[in-house]
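Me: Please take a close look at a single part of this structure and explain how that part sits among its surroundings. I am a first-year student, so keep the wording plain.

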Amino acid sequence: MSEMELVEMFGVIAPTLRAAIRAIYKSETLNPVSTQRCDLAMPKNWATFYNLEVVIALAFRLNTYEASRIRQNVLEGICQRKENIVSFLISLNNQQNISS
């Protein structure tokens, strides 16, 4: 989705959306290399497009009515899966300095 599509979908202004995306990337939750691409939207007009991972992360980051509806739909989709098991991978990186 393009930035303008996301602005409309989440009911926010562009600076708010950009700040949320920067925060997601700064926290290293997602990587821009794998979640966004630049492409020609119109002749001589480049646009950045974001994948579904960014859309879902934004739904949990933004506090708008539209974002809450998207969160609800995502969670319902997870809970209503036909499979009974939902697997999550949790990585705990324990890097403590050991003193002798």
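**A look at the core and helix H1**

Reply: Leaving aside neighbours within four places in sequence, Val54 is in contact with Ile21, Tyr25, Leu30 and Thr35. This is a predicted model. Val54 is also among the residues with the most contacts inside the largest nonpolar core, which has 21 residues. Others in that group are Leu6, Phe10, Leu17, Ile21, Leu58 and Leu62. Helices H1, H2, H4 and H5 each give two or more residues to this core, and H2 gives the largest share, six residues.

Two of the residues just named, Leu6 and Phe10, bring us to helix H1, which covers residues 3–10. The buried residues of H1 are Glu3, Leu6, Val7 and Phe10. They lie on the same side of H1, because they cover an arc of only 105 degrees around the axis. The general reason is that an α-helix has 3.6 residues a turn, so residues three or four places apart point the same way. The buried residues of H1 pack against helix H2 (14–26), strand E2 (45–50), helix H4 (52–61) and helix H5 (65–79).

Of these partners, H2 can be described further. The axes of H1 and H2 are 10 Å apart and meet at an angle of about 105 degrees; the two helices are therefore roughly perpendicular to each other. On the H1 side, the contact is made by Glu3, Met4, Leu6, Val7 and Phe10, and on the H2 side by Ala14, Leu17 and Arg18. By class, this contact has six nonpolar, two charged and no polar residues.

After H1 comes Gly11, with a positive phi near 65 degrees.

Notes: Residues numbered from 1 in each chain as written. Predicted model: local features only at pLDDT ≥ 70, side-chain atom pairs only at ≥ 80, totals over all residues. Heavy atoms only, no water. Buried < 20%, exposed > 50% of the residue type's maximum accessible area, 1.4 Å probe, protein only. Helix = DSSP H or I, 4+ residues; strand = E, 2+ residues; numbered from the N terminus. Arc of directions from axis to C-beta. Contact = heavy atoms within 4.5 Å. Axes fitted to C-alpha atoms, helices over the stretch in contact; angles between N-to-C directions. Parallel < 35°, antiparallel > 145°, perpendicular 65-115°, else oblique. Nonpolar A, V, L, I, M, F, W, Y, C, P; charged D, E, K, R; others polar. Core = buried A, V, L, I, M, F, W, Y, C linked by side-chain atoms within 4.5 Å.
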